[in-house]
Amino acid sequence: MTALIAQFGALGVFALMVPESACIPIPSELTLLFAGYSVDRGWISFPLAVAAATAGNLVGSLLAYALGTSGLPQRVPGLRRVLARGESMLDRRGTRAVLIARLLPLARTFVSLPAGARRIPLARFIVLTTVGCALWAAAFTLAGVVAGSAWQTLDSIAGRALLLVGLVVLAVSFKRASNPRGAG
């Protein structure tokens, strides 16, 4: 992951952020922390890192939004619960829930599905997604800048921890998908 950013700079940041927002749990936190480290080293600029991350998030979010409009996620048992939570948040907060979710781990990755299913107006979705993703990207990229030379330690500890969290989330999702009634 970090090698992609080290080799391709902002394009690597973009490439890693697209699947993260398209409901593939690649930890954006780790991607953005290394982007910040790259900024600290002078390999890319802060505005370029944030812009690449935001653009990648937007592209991935639009893919997930389109998937949400297709109705397919409603037919996948493991995604029904995700959609229900997202729809509940949309019921309580309206379309601003898209912006709020972009600032929350996990919710930020999946909010596009219920937004698409609800057919939130695309222009509004794009604006809310862009603002929320830019704030998220700026915060974590800045944290990476601050971490600076401590990256090697941060990379190994945070990377392993986030990988473990991702694997647990996937295991729970698969278990729920295979047992939709929640028994056993």
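This is a short talk on the overall make-up, the salt bridges and a surface patch of one protein model.

Hi everyone, and thanks for coming. Please keep in mind that what you see is a predicted model.

Let's begin with the whole chain. The protein has 184 residues, and 40% of them count as buried. Its secondary structure consists of 10 helices and 0 strands, so if you walk along from the N terminus, you meet α elements one after another. The accessible surface adds up to about 9200 Å², and carbon and sulfur atoms make up 69% of that. Now for the contacts: if we take those with a separation of 6 or more, 76% are between residues 24 or more positions apart.

Next, the charged pairs. Side chains of opposite charge can pair when their charged atoms come close. How many salt bridges does the structure hold? There are 3, and we can visit them in turn.

Start with Arg 108 and Glu 20, whose closest N and O atoms are 2.7 Å apart. This salt bridge links distant parts of the chain, with Arg 108 in helix α7 and Glu 20 in helix α2, 88 residues apart. Are these two residues buried or exposed? Both Arg 108 and Glu 20 are buried.

Now look for Arg 118, which forms a salt bridge with Asp 91 at 2.9 Å between the closest N and O atoms. Arg 118 sits in the loop between α8 and α9, while Asp 91 belongs to helix α5, so this pair ties together parts that are 27 residues apart in sequence. Asp 91 counts as exposed, because its relative accessibility is 56% and the cut-off for exposed is over 50%. Arg 118, at 38%, counts as partly exposed.

The remaining stop on this tour is Asp 40 with Arg 41, a salt bridge with 3.3 Å from N to O. Here Asp 40 is partly exposed, with a relative accessible area of 35%, and Arg 41 is partly exposed too, at 37%.

Finally, let's turn to the surface. Which residues form a nonpolar patch there? They are Ile 100, Leu 103, Leu 104, Val 127, Val 131 and Leu 135, and together they have about 460 Å² of accessible area. Helix α9, residues 122–147, contributes the largest share of this patch, with 3 residues. Leu 103 comes from the loop between α6 and α7, and with a relative accessible area of 36% Leu 103 is partly exposed.

That's my tour. Thank you for listening!

Terms used. Residues are numbered from 1 along each chain as its sequence is written. This is a predicted model: local features need pLDDT of at least 70, side-chain atom pairs count only at pLDDT 80 or more; totals for chains, interfaces and linings use all residues. Side-chain values use heavy atoms; hydrogens and water are left out. Patches are made of residues with over 30% relative accessible area and no salt bridge: like charges are joined within 9 Å, nonpolar side chains (Val, Leu, Ile, Met, Phe, Trp, Tyr) within 5 Å. Accessible areas come from the Shrake-Rupley method with a 1.4 Å probe; for residues, only the protein chains shown count as cover. A salt bridge is a side-chain nitrogen of Lys or Arg within 4 Å of a carboxyl oxygen of Asp or Glu. Helices (H or I, at least four residues) and strands (E, at least two) are DSSP runs, numbered from the N terminus. Buried means under 20% relative accessible area, exposed over 50%, partly exposed in between (1.4 Å probe, protein chains only). Contact means heavy atoms within 4.5 Å.
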